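Trainee: Before I use these terms at the bench, I would like to go through them with you and hear what each label rests on.
Mentor: Gladly; let us take them in turn.

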Amino acid sequence: MSQYQPDRPALGPLGQIRIGDRAARTLTAELARHAGPKTALLVGASADSLVLAEALDALLPGDKLTVVAADDSLAGHLATLGSFLAERVQVVADLSAAEPADLVIVAEPVVGSGEEARTTVERLSKLVAEGGLLVIAAVALPGLSGGANDELDRIAARQGVGSDLVLRNTPPVRVHRLRFTDVDPGVAAKLGPAYRPSSVPLYGGMNIDSNGVAAAGIALGAAALLKTIRPKSKAWLVPALAAAPVAAFFRDPERDVPADPTAVVAASDGKVLSVEHIYDERFADEEFLRIAVFLSVFDVHVNRAPVAGKVVDYFVEDGGYAAAMKPEAEHNVAAYTVLETPDRSRVVVAQRTGLIARRIVQRAPIGALLAKGERFGLIRFGSRTDVYLPADRAEALVAPGDRVTGASTVIARLR
């Protein structure tokens with residue numbers, strides 16, 4: 001492994017740690033979804049870097065990209081790519097020549113000791129503009145990271161606004177998004193839904209959540225084990241046949257999100273249970289319009305942000321496991337994600353468990369920016385989602401009994 005150099009981060013050398021397509025796309029996801037104008041700093045890229053290729057593809061008119069070259073071949077390579085990029089890309093030899101940027105992306109996983117990783121983050125954080133992000137990865141196998149993985153996990157616990165595990169890489173890497181200063185919720189309005197490796201493509205516009213891949217794998221593993229230990233029994237057919245429907249439960253289709261900035265979209269697929277005005281002092285001292293949606297086991301269970309905004313609070317409250325379509329579900333275990341919109345309103349999404357659902361997944365920590373319709377979590381096996389909107393500004397466009405589609409159906413409009 002390469003040693004830490006004062007003018008460059010301690011990066012994994014090409015040839016030993018490979019950044020593949022999915023990891024490269026994950027590292028540049030924030031750059032690709034930002035409508036701009038924006039500035040970016042890419043650290044440690046070489047001419048054949050897939051991260052560099054993804055970053056160049058993400059550039060729009062008005063954007064600026066500075067690249068800290070990993071070798072001397074990069075400037076000549078960029079000179080062959082045409083005038084559009086020549087006007088927007090600058091190559092510098094080291095960090096001392098770089099200016100602060102909205103996004104700082106490290107092109108190679110950080111390796112070395114925990115102290116080296118901490119020094120790298122501290123130096124790069126000074127190049128992150130107000131409200132900006134540092135996107136950095138570590139090898140997700142502690143024995144290969146030299147302590148950097150554990151240190152980045154500790155830093156992410158304090159400064160992180162999201163992490164993604166990319167298993168389909170050699171070796172697997174974990175990509176962290178770190179923010180060191182507060183960000184205006186208005187930035188969320190400039191963002192599109194981010195690419196996340198937790199949504200695994202199958203065909204066309206259909207994906208499967210990574211939880212479904214794991215669940216199907218467990219079912220098939222159990223089938224193989226039963227077949228081995230009881231070769232004459234047909235018991236192995238039970239988990240084998242269950243693998244496909246279990247995986248289908250975690251399907252995650254692409255959705256077209258309405259462009260209307262006043263539209264509030266459904267947080268999930270399902271049937272509207274209720275539309276009512278309530279007070280809930282946990283969120284604000286005001287009246288809310290609450291739209292509750294029941295998800296059967298046949299519905300898509302991936303949850304989406306109903307509006308663009310910044311996650312300003314997240315908490316889980318204990319409770320029971322009543323059937324999600326019954327009034328008692330009001331007191332079920334629930335996770336609450338509180339969003340602050342660009343106009344400073346509060347919008348809340350409640351992920352409620354049901355009779356069968358016992359696991360809530362939420363992937364948007366406090367400080368994260370979510371685009372309207374962006375995936376932020378899921379609930380396993382039958383559940384309910386509630387969307388709370390400011391009652392004095394919201395007009396409901398659905399009624400009890402209506403069917404809605406997550407990220408696509410407009411359930412309300414904000415005045």
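Trainee: How many salt bridges does the structure hold?
Mentor: The model is a predicted one, and the structure holds 30 salt bridges.

Trainee: What makes the contact between the side chains of D164 and R177 a salt bridge?
Mentor: The label asks for a side-chain nitrogen of Lys or Arg within 4 Å of a carboxyl oxygen of Asp or Glu. For D164 and R177 the N to O distance is 2.7 Å, and therefore the pair is called a salt bridge. D164 belongs to strand β6 (residues 160–166) and R177 to strand β7 (residues 173–178), so the bridge ties together parts that are 13 residues apart in sequence. Both D164 and R177 are buried. The two residues also take part in a network of salt bridges, together with E30, R33, R196 and E374.

Trainee: Which side chain does R290 meet at 2.6 Å, and how far apart in sequence are the two residues?
Mentor: The partner at 2.6 Å, N to O, is E276, and with a cut-off of 4 Å the pair therefore counts as a salt bridge. R290 sits in strand β12 (residues 287–295) and E276 in strand β11 (residues 270–279), 14 residues apart, and the pair links distant parts of the chain.

Trainee: Why is R290 called buried, and why is E276 called partly exposed?
Mentor: Buried means under 20% relative accessible area, exposed means over 50%, and partly exposed is what lies in between. R290 has a relative accessible area of 4%, so the residue is buried. E276 has 29%, which lies in between the two limits, and therefore the residue is partly exposed.

Trainee: Which other salt bridge involves R290, this time with E330, and what does that pair tie together?
Mentor: The side chains of E330 and R290 meet in a salt bridge at 2.8 Å, N to O. E330 lies in the loop between β14 (309–317) and β15 (334–340), whereas R290 lies in strand β12, so the pair ties together parts that are 40 residues apart in sequence. With a relative accessibility of 30%, E330 counts as partly exposed.

Trainee: Where does R384 lie, and is R384 buried or exposed?
Mentor: R384 is found in strand β20 (residues 383–390). The relative accessible area of R384 is 5%, which is under 20%, so R384 is buried. The C-alpha atoms of R384 and S296 are separated by 8.6 Å, although the two residues are 88 residues apart along the chain.

Trainee: What makes β10 an edge strand, and what is the order of the sheet to which β10 belongs?
Mentor: That sheet is an open one of 3 strands in the order β10-β23-β21, with antiparallel pairing. The edge strands are β10 (263–265) and β21 (394–396), each of which pairs on one side only. From one strand to the next, the twist averages 30 degrees.

Trainee: How do you know that β10 and β23 pair?
Mentor: Two strands pair if there are at least two bridges between them. β10 and strand β23 (residues 410–414) have 3 bridges, in the antiparallel sense, and therefore they count as paired. V264 stands opposite A412 in β23.

Trainee: Why is one side of β13 left without a neighbour in the sheet?
Mentor: β13 belongs to an open sheet of 3 strands, ordered β13-β19-β17 and paired antiparallel. β13 (302–304) and β17 (360–362) stand at the edges with a single partner strand each, so one side of each has no neighbour in the sheet. Between β13 and strand β19 (residues 375–379), which run antiparallel, there are 3 bridges, and N303 has G377 as its bridge partner in β19.

Trainee: What lines the largest cavity, and how much space lies in the cavity?
Mentor: The lining consists of D209, F249, F250, R251, H301, V302 and L378, and about 30 Å³ of space lies in the cavity. By class, the lining has 4 nonpolar, 1 polar and 2 charged residues. The word cavity is used because a 1.4 Å probe fits there but cannot get out.

Trainee: How many residues line the second largest pocket, and which lie nearest its centre?
Mentor: The second largest pocket is lined by 19 residues, with A189, P261, A308, P342 and K372 nearest its centre. About 340 Å³ of space lies in this pocket, and its lining divides into 13 nonpolar, 3 polar and 3 charged residues.

Key. Residues are numbered from 1 along each chain as its sequence is written. This is a predicted model: local features need pLDDT of at least 70, side-chain atom pairs count only at pLDDT 80 or more; totals for chains, interfaces and linings use all residues. Side-chain values use heavy atoms; hydrogens and water are left out. Helices (H or I, at least four residues) and strands (E, at least two) are DSSP runs, numbered from the N terminus. Buried means under 20% relative accessible area, exposed over 50%, partly exposed in between (1.4 Å probe, protein chains only). On a 1 Å grid over the protein atoms alone, a cavity is a set of points where a 1.4 Å probe fits but cannot get out, and a pocket is an open set with protein on both sides within 12 Å along at least five of seven lines; lining residues have an atom within 4 Å of a point. Grid points are joined across faces, edges and corners, and a volume is the space filled by probe spheres set on the points. Ala, Val, Leu, Ile, Met, Phe, Trp, Tyr, Cys and Pro count as nonpolar, Asp, Glu, Lys and Arg as charged, and the others, Gly among them, as polar. Axes are lines fitted to C-alpha atoms, for helices over the stretch in contact, and angles run from 0 to 180 degrees between N-to-C directions.
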